[in-house]
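Dear colleague,

I am handing over the structure below for your files. My findings follow directly after it, beginning with one residue and then turning to the chain as a whole.

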Amino acid sequence: MANGALEQGRERFARQDWKAAHRFLAAAQAEGPLDGADLLLLAIAAYLLGRDAESRECLEHTYDAELAAGRYPEAVHAAFWLILELALGGGAAQAHGWIASAGRLLVHCPPDCAEQVLMLIPETYFRLDSDPGAALVAATTVLEAGERLRDADLLAFGTLGRSQALIRLGRIAEALPLIDEAMLVVTRHAVCPIAVGIVYCAAISECQGIFDLPRAREWTEALGDWCDLQPDLVPYRGQCMVHRAQLLRHRGELDRAAVEAARAADRLSRPRHPALGLANYELGELERIRGSAVEAEQRYGSAHGFGVSPQPGLGLLRLAQDRPQEAARALERALAEATAATERARLLPAAGEALLAVGHIERATAVARELAGISHFFGSVQLQAEALFLQGRILQEGDRPQEALALLGRAREHWSGLGMPLEVAKTRVAMAEACRLLGDAEGARMELDAARAALHALGAAAALGRVERALGSVPAPGPGTPDAPGPASYPGDGARISPREIQVLRLVATGMTNRMVAKTLFLSEKTVARHLSNIYTKIGVVNRAAATAYAYDRGIAAGAGQGRPAGADGHGSR
C-alpha cells in the first residue's frame, strides 16, 4: 500500500497535480517514514496548496533526514527552501538561524556545486534595502554560478536579484530587461514550482513599485495562465496578494478587487504577516472610492496600526469630506518623512491636490515639478499622467483654462491607454471645469456626462456625487439657445476680468458666501477670497455689494436686466 501510494504521489507530482500528489505522499508517509527526496516533494506540494506550516515542518524533517544520511548538499537544499518560506512569511529571525546552520554544512559540499551559492539568494533578499550594492554583488555571483552549472533555479533567482538591486540603486533602465529575463527563465526552464511563484510575484511587485503598470499587468496575466494549468495551486503569497487587488482596482474592477483584498487580509492575518497593513490600506482605498467614509477610515486606522502609513488615501478622504486643511497638513508631513523616490511619488499627486484646495498654488507647482522629474526618472507613463493632471489643475487655478485643457487632454489619453477608468473619469471632471471657464457649457456637460456614466458603471459613489453636483451647476442649453451667457471674459476698469473671476463674481452676485462659492466651484475659501480681492481691484470697488451691482450693470450676473437684488447699490458690507 505504502509503495503504491508513494509511486502514485511521485507520478502526480510530475504531472503537477498538487492535490493528488499531496494526498498520496501523505498517505505513504503515514505508512512509514519517507526518505529525504520524497519528503521534499511532499513539502513542495504542501506549499503550493497553501499549507505553509505543513510545508515548513516537512522541510525540517527533510533536512534532518538528509543530514542523518550524510547527504550534505541535499540537506543544504532543503534548508534553502525553508529559509525562503520563512523569509517571505515574515520569519526573518528564524530564517537567519537556518542560514547559519546550513552555512556550516558547506564545508562538506563539493566546491563547485549549486549549494555553495544558494545561501547568497536569501542574503540578496535581506540586503536589498539596507545595502543594495552588496545585494547586487551577491545576486551576480548567483547568476554566474547558474550560467556555469546550467542550474535554472540559480539563473532565475540571480537574474531577479540583480534586477531588484539595480532598481534600488536607481538604475531602472538596466533593471527592466532583467525582470523580463527572469520571468522568461521560469517559463522556459525546469525551475522548481516554488521558485516559479516567488519569481513571478517578486517581479510583479517590483513593476508595481516603479509604477510600470503595463509590465505588471502583462506578467500578472502570465502568472494567471500558469496557475490555470494547475487548478489546485495557491500562487499568491504576502504582498503579491495585495498587488493583485491593486491591479484590479486600477482596472476599475472594484468588486473583484475588494474580494481579493479581503482574502489577502484574512490569509495574511493567520499568522500575522508584514503585508497585513498593506491589505488593510487597500481595503481602505476601495471603501473610499465607493463612498463608504466610515469604513475607509477604519481600514486606514488598521493599516497604521500594522505599521503602514494611511497616506495618501486618508488625505484624499479628508479632501472628499471638505476638510482640505487637515488633508494638506497630513500629506505635507508624510512628504517630509518620505525620502525614497517611490514613496514620494505615491504621495505627491494627492499632496498637490490638497495644496490647491487650500490655495497654496506655488507649493503645488513645486510638487508638480518634482512629480514630473520622478516620472521622467522612472520612465513611467502612469506618473507622467499624474504630473500632467496636476499641472493642468494648477493652470486652471491660475485662470489659464485653454492651456489647462491641453495638458488634461494628454493626461486623459495616458490614463485611457493604461486602462485606468477611474482616472479617466477624474480627468474628465477637471476638463469639464476648464470648458466651463472658457464658456463652453456644452463641452463641460459632455465631459461630465461621460464621467458620470463611467463612475456609475464602476460603482465609484464618492466621485459620482461630485460629478452630480458639478452637472447641477452647468446650464443645459435648449434648442437654438447659446451654450453659455456672455463672453469668456469681461473688461474691468483697468484690466480684463478672467474667466474664473467671472464665475466667482456671478455666484457672489446671487448672494452666495465665500464658502458656498468654494463648494460650488471645488475651490478653497482662500482661493475664492483671492479671486474676490483681484476682482475688487480690477473693477474699482471695495466691497461685495458694489461688486454685485457691477455684475448686474455689466450683464455678468444671472438674471441681469431684471433689476438688482436688494442691497446691490454699492453700499453693502463685504
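Please note first that this is a predicted model. In it, Ala430 is in contact with Phe389, Arg393, Gln396 and Leu408, when its neighbours within four places in sequence are left aside. Ala430 itself belongs to helix α24, which covers residues 421–437.

Is Ala430 buried or exposed? The relative accessibility of Ala430 is 6%. Ala430 therefore counts as buried, since the term applies under 20% relative accessible area. A further distance may help you to place this residue: the C-alpha atom of Ala430 is separated by 9.0 Å from that of Ala404, and the two residues are 26 apart along the chain.

I turn now to the protein chain as a whole. Its secondary structure consists of 30 helices and two strands. The C-alpha trace spans about 100 × 45 × 40 Å along its principal axes. Of the 574 residues in the chain, 53% are buried. Where contacts link residues at least 6 apart in sequence, 59% of them join residues at least 24 apart.

As for the surface and the charges, the accessible surface of the protein chain amounts to about 24,700 Å², and carbon and sulfur atoms account for 53% of that area. The chain carries 61 positive and 68 negative side chains. The centres of these two sets lie 7 Å apart.

With kind regards

Definitions and conventions. Residues numbered from 1 in each chain as written. Predicted model: local features only at pLDDT ≥ 70, side-chain atom pairs only at ≥ 80, totals over all residues. Heavy atoms only, no water. Helix = DSSP H or I, 4+ residues; strand = E, 2+ residues; numbered from the N terminus. Buried < 20%, exposed > 50% of the residue type's maximum accessible area, 1.4 Å probe, protein only. Contact = heavy atoms within 4.5 Å. Areas by Shrake-Rupley, 256 points an atom, 1.4 Å probe, with all protein chains shown as cover. Lys, Arg positive; Asp, Glu negative; His and termini not counted. Charge placed at Lys NZ, Arg CZ, Asp CG, Glu CD.
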